[in-house]
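Trainee: Could you walk me through this one slowly, please? I would like to know what to look at.
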Amino acid sequence: AAPAPAPEAEAATQQPQPLRFAAAESICPHPEKVAKGGEDACFVGACGTALGLADGVGGWAEDGVDPAEYARALVAAMDEAAAAAAGVAPRPGEDE
């Protein structure tokens, strides 16, 4: 009987498998910020190759900037840019 092929030879004959990217998003706001949904924002792009996170800077509120609004706008812009680069439509936002 012929000897079994070496593991290296077997691996060399296998077809390469496409890489896959799986991600999910979830925001767990600080208990004092639950009413407004927290100050952070994130997205997993519809393109399947992008994700982003924006950490709202709470200290900005002292300067009249809503950190949650800023983080959400930044994430929406990142999602739109990633979708445009991939040639797909961005996922609908929470307000749509």
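**Strands, core and salt bridges**

Mentor: Along strand 2, the side chains of Gly52 and Ala54 point to one face and are buried, whereas those of Leu51 and Leu53 point to the other face and are not. Buried means under 20% relative accessible area, exposed over 50%, and partly exposed in between, with a 1.4 Å probe and protein chains only. Strands (E, at least two residues) and helices (H or I, at least four) are DSSP runs numbered from the N terminus.

Trainee: What kind of model is this, and how are residues numbered?

Mentor: This is a predicted model, in which local features need pLDDT of at least 70 and side-chain atom pairs count only at pLDDT 80 or more, while totals for chains, interfaces and linings use all residues. Residues are numbered from 1 along each chain as its sequence is written, and side-chain values use heavy atoms, leaving out hydrogens and water.

Trainee: How do strand 1 and strand 2 run, and how many bridges join them?

Mentor: They run antiparallel and are joined by four bridges; two strands pair if DSSP finds at least two bridges between them. One bridge partner is leucine 51 in strand 2, which is matched with valine 44. The two strands form a hairpin with six residues between them, and glycine 48 in the turn has a positive phi of about 85°.

Trainee: Changing topic, which residues make up the largest nonpolar core?

Mentor: There are eight: Ala41, Phe43, Cys47, Ala50, Ala54, Ala71, Val75 and Ala82. Strand 1 (41-44) and helix 2 (67-86) each supply at least two of them, and helix 2 gives the largest share, three residues. Such a core is a set of buried Ala, Val, Leu, Ile, Met, Phe, Trp, Tyr and Cys residues joined through side-chain atoms within 4.5 Å.

Trainee: And which residues are linked in a network of salt bridges?

Mentor: Lys33, Lys36, Glu39 and Asp66 are linked in that way, a salt bridge being a side-chain nitrogen of Lys or Arg within 4 Å of a carboxyl oxygen of Asp or Glu. Glutamate 39 pairs with lysine 33 at 3.2 Å between the closest N and O atoms, and with lysine 36 at 3.8 Å. Aspartate 66 also meets lysine 36, at 3.4 Å from N to O, and this pair links distant parts of the chain, 30 residues apart.

Trainee: Is glutamate 39 buried or exposed?

Mentor: Glutamate 39 counts as buried because its relative accessible area is 11%, whereas lysine 33, at 31%, is partly exposed.
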